[in-house]
Amino acid sequence: MERVKISICGHDFYLKTEDPDRMYDAAEILQRKIDKLSSMASSMSLTDIAMLAALDFADETYDSRRVVETAQKLSQEIQTKLEDAENKTKECEKQLSESEQEIVSLKNALSETQSELIEAKRQLSAVDIEAEQQLKKENENLKATIDELSEKNSRIESAWEKLKSDHEKSLEKSGNNQLLLAQIDKLQNTVDTYEKTFDEYANKRNAEVKDLNDELSALRKKYAELSAQMNEIVNDGQMTL
């Protein structure tokens, strides 16, 4: 510490201080305040003026203390808000990490769905080609069968007409038609048999075609569902991002 000499109103004081300049400045401020009060109240004694100066300093110190208390309170509020902000930042970082993980999961799910969709498209295309080929083949077979049955039916009709003609001629010649009637009945049964066979074959082919169409519709429905799921996953990923 350093020993200093200060003068206030003609009185010398010897003090020890670690900051002489600060002590000189304080003495100068006090001297100015005393001079100001003396000019305002010249009839007062130096002691009274000194007491008023001390009171003025005490009032300023009180205001300064309130400022300090206010500053400390604001500092505490700022510190609390900073801690809240840090906690919110950590929470946001946690949510961001979880969101990134969710995005990765959605991307993986999207990739798997896209693979399933590609496979479904491939299967659907293969089924379409196979069904088309099979339907084409069945139609060709059915057409050939129809042509064959039509040809047989034409021959039967020709034979029927011939029998009718022979029957009429026979009736005209001998009046004996029993044999011809039996032949006619036999031919009629043959015609009925061919018609029944044709109907059974057509029904069977129609049932097979219906089964193929049902299978094709099911695959198309599955393809539509996979497409909708993929679109939903893509939309969810974009909203999250």
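Which side chains meet in a salt bridge at 3.5 Å, N to O? I started my notes there. The pair is Lys5 and Asp12. I kept in mind that I was working on a predicted model.

**Entry 1: the first pair**

I checked how open both partners are. Lys5 has 41% relative accessibility, so I logged Lys5 as partly exposed. Asp12 has 40%, so Asp12 is partly exposed too. The general idea is simple: side chains of opposite charge can pair when their charged atoms come close.

**Entry 2: overall layout**

I stepped back to the whole protein. I counted three helices and two strands. From the N terminus, the order reads β-β-α-α-α. Strand 1 covers residues 2-8, and strand 2 covers 11-17. Helix 2 spans residues 46-173. Helix 3 spans residues 178-240.

I then looked up burial. The protein has 241 residues, and 17% of them are buried. The accessible surface comes to about 18600 Å². Carbon and sulfur atoms hold 51% of that surface.

I also looked at contact range. I took contacts between residues at least 6 apart in sequence. Of these, 53% join residues at least 24 apart.

**Entry 3: the loop between the strands**

What is the sign of phi at Cys9? It is positive, about 55°, although Cys9 is not a glycine. I noted this because most residues other than glycine have a negative phi. Cys9 sits in the loop that links strand 1 to strand 2. Its relative accessible area is 25%, so I put Cys9 down as partly exposed. The cut-off for buried is under 20%, and the cut-off for exposed is over 50%.

**Entry 4: salt bridges in the helices**

How many salt bridges does a search of the whole structure find? It returns five. Lys5 with Asp12 is one of them. I looked up two others.

In one, Arg155 pairs with Glu151. Their closest N and O atoms are 3.2 Å apart. Both belong to helix 2, four residues apart, so about one helical turn separates Arg155 from Glu151. Arg155 is partly exposed at 47% relative accessibility. Glu151 is partly exposed as well, at 48%.

In the other, the side chains of Lys210 and Asp214 meet at 3.1 Å, N to O. This pair belongs to helix 3. Lys210 and Asp214 are four residues apart there, so the separation is again about one helical turn. I logged Asp214 as partly exposed, with a relative accessible area of 39%.

**Entry 5: a charged patch**

Which residues gather in a patch of negative charge on the surface? I listed Glu2, Glu18, Asp19, Asp21 and Asp25. I followed up on Glu2. It lies in strand 1. Its relative accessibility is 45%, so Glu2 counts as partly exposed. A residue needs over 30% to enter a patch, so Glu2 passes that cut-off.

**Entry 6: helix 2 against helix 3**

Is Thr113 buried or exposed? Thr113 is buried, with a relative accessible area of 8%. This residue lies in helix 2. I set aside its neighbours within four places in sequence and listed the remaining contacts. They are Leu226, Met230 and Ile233. I then took the C-alpha separation from Thr113 to Leu226. It is 7.2 Å, with their positions 113 residues apart along the chain.

I tried Ala131 next, also in helix 2. Ala131 is buried, at 7% relative accessible area. I paired Ala131 with Leu216, 85 residues away along the chain. Their C-alpha atoms are 8.0 Å apart.

Last, I started from the other helix. Thr190 lies in helix 3. At 30% relative accessibility, Thr190 counts as partly exposed. I looked up its C-alpha distance to Ile156 and got 8.5 Å. In sequence, Thr190 and Ile156 are 34 residues apart.

Definitions and conventions. Residues numbered from 1 in each chain as written. Predicted model: local features only at pLDDT ≥ 70, side-chain atom pairs only at ≥ 80, totals over all residues. Heavy atoms only, no water. Patch = residues over 30% accessible without salt bridge, like charges linked within 9 Å, V, L, I, M, F, W, Y side chains within 5 Å. Areas by Shrake-Rupley, 256 points an atom, 1.4 Å probe, with all protein chains shown as cover. Salt bridge = Lys/Arg side-chain N within 4 Å of Asp/Glu carboxyl O. Lys, Arg positive; Asp, Glu negative; His and termini not counted. Charge placed at Lys NZ, Arg CZ, Asp CG, Glu CD. Buried < 20%, exposed > 50% of the residue type's maximum accessible area, 1.4 Å probe, protein only. Contact = heavy atoms within 4.5 Å.
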